[in-house]
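Visitor: Could you walk me through how some parts of this protein pack together? I'd like to start with a pair of helices.

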Amino acid sequence: MFDHSVRSDAIRAEHGVVKEVGELWGKPYTYLRHHTQVRPPRNDWRQDEIDSLQFIANLIRNGSVFPFTTAEMEAEAFRVLKCPSLGHEDIFAEFRFEYLEPPIDRSKWGLSIEQHLSKEDVIAYCECFFLSPSADRTEAFIDGMRSNPCFSLTGFEERCLRRLDVFKRICRGIDRTHYPDALHLWTAEENSVDVFLTMDKRFRNVIQRQKADLHCRILFPSELKSQF
């Protein structure tokens, strides 16, 4: 599964890109601009990760890697407003990213992704609906949904709700600002995805230190590249 931090950096410009901060509709946003003089110095770990993306695109092209995303991550990318400069091609533009099933559809809590795009809303969503409920309360919710004629839980959603301990284990020891990232990783884990690819060094490092017993590995692009 590809984190939006990876996809936002997937810009083909001979790897000669620099980050700029601009303003759009009165709000700050980050974009990538081609460095027209010389290639920027290779003294940034993120530049090395960007250099690995073309290799990963080739892995997708030859069927060695299958890309996935989620509706939550798409909404997150929209919120962040990370826009590439005009004229630069998205390395992954030619590929279709399959959507993973969320642990539970937000609408079944009476919420919607479109109405709750802010990071604080997503954090509150994780705290209220995944981290706080007891096992008894969760079972009561599942039973209530079974008798609700308007909504029903899929078997996958029921299984995920009964495995809230996995999400709580992922969140153990991380700052609450990383709960949205934990939600992405949990989604990947419940869908039996092999790798969660990210550029978020802080989140990746804290998950590595946790040594949580997860099937899904969290990797940088260069680490995935090194395995082929």
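Guide: Helix 4 and helix 7 are oblique to each other, because angles under 35 degrees count as roughly parallel, over 145 as roughly antiparallel, 65 to 115 as roughly perpendicular and the rest as oblique. This is a predicted model, in which local features need pLDDT of at least 70 and side-chain atom pairs count only at pLDDT 80 or more, while totals for chains, interfaces and linings use all residues. Residues are numbered from 1 along each chain as its sequence is written, and side-chain values use heavy atoms, with hydrogens and water left out.

Visitor: What angle do helix 4 and helix 7 pack at, and how far apart are their axes?
Guide: The angle is about 135 degrees and the axes of helix 4 and helix 7 are 10 Å apart, where axes are lines fitted to C-alpha atoms, for helices over the stretch in contact, and angles run from 0 to 180 degrees between N-to-C directions. Helices here are DSSP runs (H or I, at least four residues), numbered from the N terminus.

Visitor: Which residues make that contact?
Guide: Cys126, Phe130 and Leu131 of helix 4 meet Leu164, Phe167, Lys168 and Cys171 of helix 7, with contact meaning heavy atoms within 4.5 Å. Six of these residues are nonpolar, none polar and one charged, counting Ala, Val, Leu, Ile, Met, Phe, Trp, Tyr, Cys and Pro as nonpolar, Asp, Glu, Lys and Arg as charged, and the others, Gly among them, as polar.

Visitor: And how do helix 7 and helix 8 pack?
Guide: Helix 7 (residues 164-171) packs on helix 8 at an angle of about 135 degrees, with the axes 9 Å apart, and that makes helix 7 oblique to helix 8. On the helix 7 side, Leu164, Val166, Phe167, Ile170 and Cys171 take part, and they meet helix 8 residues including Leu183 and Trp186. The residues of this contact divide into ten nonpolar, no polar and two charged.

Visitor: What about helix 4 with helix 8?
Guide: Helix 4 (residues 119-131) and helix 8 (residues 179-190) have axes 8 Å apart and pack at about 60 degrees, which makes helix 4 oblique to helix 8. From helix 8, the contact draws on Tyr179, Pro180, Leu183 and Trp186, and among the helix 4 partners are Val122, Ile123 and Phe130. There are ten nonpolar, no polar and two charged residues in the contact of helix 4 with helix 8.

Key:
Helices (H or I, at least four residues) and strands (E, at least two) are DSSP runs, numbered from the N terminus.
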